[in-house]
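Subject: Structure handover

Hi,

Here is the structure I promised to pass on. Have a look at it first, then read my notes below.

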Amino acid sequence: MAGSIPLSPVPPVKTGRGTNRATTEAPWVKWLLIGLASLVLIWLLILPLAIVLMEALKQGWGVYIAALTEPDAMSALKLTLLVAAITVPLNTIFGVAAAWVITKFQFKGKGLMITLIDLPFSISPVVGGLIFVLVFGSNGWFGPWLSEHDIKIIFALPGIVIATLFITFPFVARELIPLMEDQGIREEEAAVTLGASGWRIFWSVTLPNIKWGLLYGIILCNARAMGEFGAVSVVSGHIRGETNTLPLHVEILYNEYQFSASFAVASLLLILALATLLLKSWLGHKAVSEK
């Protein structure tokens, strides 16, 4: 444009090794922040996890194995895995459907739907469990009807599954919604012009674009399902060997002063969490390598 003043490029700030950096602070500031962050991580994460493993093995491998293989612990492990096996697929279906509807269609109430999806993030898990006790308990809204038909939800597997579903259902949807919004709808529109059906578009166009985000959401959902305590504690009834998941079993053992056994079972949850973390990191690496 006539009369405009050309702008000269701003030279990048160089470090001592000739690379760009985002700030102009002295190097000691960077190392101070790194050191503080490392101390916090060691104090809040690494040290407690190391203590759990040390306490679990404090009395030897024999006590450790016995604590993990005794009947109540095995029942708690089976129930934990069963609840996760039920809730994760259901939440995956819901999350994909919710993300598809929110990102691909315009309709009234979209903001309300997003708010409702985020609701479990803002409600205490204990309150979430109490909600289902008020709805399905013996004195709840549907309690008399359930009793007449000999259907047991609270203090049984269905109540645990429902409470876990409530706590974990935002994870898959919340991973997919931003991803699908960023991708837009151009590829789907192109597939529509070529005559593809809705299912064909989803399987051939949408799913390949969201597969890593979907797997990441499934992993987070599974980790939360196996580690959920508050809501499950309210609806389970703490029936030993029947409705206790691994987190509840840890609490019972600790309250009974069986410290080595409680830390042994807690270490099992820790191993499952670490496996989840490694799988998440591997998926992140695969996703980056494919770009």
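Before the spaces, a definition: on a 1 Å grid over the protein atoms alone, a pocket is an open set of points with protein on both sides within 12 Å along at least five of seven lines, while a cavity is a set of points where a 1.4 Å probe fits but cannot get out; lining residues have an atom within 4 Å of a point. Grid points are joined across faces, edges and corners, and a volume is the space filled by probe spheres set on the points.

This is a predicted model, so local features need pLDDT of at least 70 and side-chain atom pairs count only at pLDDT 80 or more, while totals for chains, interfaces and linings use all residues. Residues are numbered from 1 along each chain as its sequence is written, and side-chain values use heavy atoms, with hydrogens and water left out.

**The second largest pocket**

This pocket holds about 270 Å³ of space. Its lining is made of Thr92, Ile93, Val96, Ala97, Trp100, Gly198, Trp199, Phe202, Trp203, Leu207 and Leu214. Helices H3 (71–104) and H10 (198–227) each supply at least two of the lining residues; helices here are DSSP runs (H or I, at least four residues), numbered from the N terminus. H10 has the largest share, with 6 residues. By type, the lining has 9 nonpolar residues, 2 polar and no charged. (Ala, Val, Leu, Ile, Met, Phe, Trp, Tyr, Cys and Pro count as nonpolar, Asp, Glu, Lys and Arg as charged, and the others, Gly among them, as polar.)

One of the lining residues, Thr92, is found in H3. Thr92 counts as buried because its relative accessibility is 15% (buried means under 20% relative accessible area, exposed over 50%, partly exposed in between, with a 1.4 Å probe and protein chains only). Not counting residues up to four places away in sequence, Thr92 touches Val172, Leu214 and Ile218, where contact means heavy atoms within 4.5 Å.

**The cavity**

There is 1 cavity of 30 Å³ or more, and the largest cavity has a volume of about 40 Å³. Thr80, Val83, Thr164, Ala225, Met226, Glu228, Val232 and Thr245 line it. H3 and H10 turn up again here, each with at least two lining residues. This lining divides into 4 nonpolar, 3 polar and 1 charged.

**Helix H7**

Thr164 is also among the buried residues of H7, along with Gly159, Ile160, Val161, Ala163, Phe166, Ile167 and Thr168. What covers them includes H3, H4 (110–122), H5 (125–136), H8 (170–183), H10 and H11 (230–236). H7 has 12 residues (157–168), so at 1.5 Å a residue it should span 16 Å, and its end C-alpha atoms are indeed 16 Å apart. The expected span is 1.5 Å times one less than the number of residues.

**The cores**

The largest nonpolar core has 17 residues, and Ile117, Leu176 and Leu214 have the most contacts inside it. A nonpolar core is a set of buried Ala, Val, Leu, Ile, Met, Phe, Trp, Tyr and Cys residues joined through side-chain atoms within 4.5 Å. H3, H8 and H10 each give two or more residues to this core, with H8 giving the most, 6 residues. Apart from this core lies another, of 16 residues, including Val83, Phe132, Ala231 and Val235.

**One exposed residue**

Is Val288, in helix H13 (residues 259–290), buried or exposed? Val288 is exposed, because its relative accessible area is 58%.

Cheers
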